[in-house]
Amino acid sequence: MQGGHVWCTKVLQEINKAKARVNTMHIICHDRDNLWFRVTEFDRLHDGIISGQYRVHLRNRTCDCGRFDALRYSYVHIIVACQNLRLDPMSYVNEVYKLETMYNVWRHVFSHVSDKRKWPPVSLALFKLLQKRELHRKPKGRP
Ligand SMILES: [Zn+2]
């Protein structure tokens, strides 16, 4: 974990994608102390077309859409709520997405070998990938 890399890259990419969608949301904070919000998601903001309304409860880490329970990281509803109260959306990312946690899952399988000279030799011979004919798709429009 060098260079300040703390979080899984995929999660950071998803959070950045979600940040780009924040302007399609409207949020009302109903209870500042309990971190309870109502998020209205607009398909087309300028046309006022609503695609959903959700209750976000940051303290309980729940949202009506169910994604917060499933993903356990900040997505667009959570990021909008965090922005409303100037909270850090990364504080709502579960520890399982930390690189250190991921490393610890595999620690017993892969031991750390710091000295490159002690790495086992690897064959540099190229291998040929054999194709399985029965897995090929038939072209569309042909029997
Ligand atoms: Zn949600």
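Which residues does UniProt assign to the feature "domain: Zinc finger PMZ-type"? I looked this up before turning to the coordinates, and the unreviewed UniProt entry places the feature at residues 61-88. I keep in mind throughout that the model is a predicted one.

Taking that stretch by itself, I found that residues 61-88 are 50% helix and 7% strand, and that the C-alpha atoms at the two ends are 14 Å apart.

I then looked at the sheet, which is open and built from four strands in the order β1-β2-β3-β4, with antiparallel pairing. I noted β1 and β4 as the edge strands, each of them pairing on one side only. Going to the β3 and β4 pair, I counted two bridges between these antiparallel strands, and I recorded that His-57 has Thr-62 of β4 as its bridge partner.

Next I turned to helix α3, which spans residues 76-84. Is this helix mostly covered or mostly uncovered? I found it mostly covered, with seven of its nine residues buried; the buried ones are Val-76, His-77, Ile-78, Ile-79, Val-80, Ala-81 and Cys-82.

I asked what these residues pack against, and the list comprises the helices α1 (9-20) and α2 (67-71) together with the strands β1 (25-31), β2 (36-44), β3 (49-57) and β4 (62-63). As for its orientation, α3 lies across β1, β2, β3 and β4, and runs at about 60° to β1.

Lastly I checked the backbone beyond the helix, where Arg-86, which follows α3, has a positive phi near 55°.

Conventions
Residues numbered from 1 in each chain as written. Predicted model: local features only at pLDDT ≥ 70, side-chain atom pairs only at ≥ 80, totals over all residues. Buried ≥ 20, exposed ≤ 12 C-beta atoms within 10 Å, placed from the backbone. Contact = placed C-beta atoms within 7 Å. UniProt positions renumbered as here; feature names shortened; annotations may be inferred. Pairing = 2+ DSSP bridges. Axes fitted to C-alpha atoms, helices over the stretch in contact; angles between N-to-C directions.
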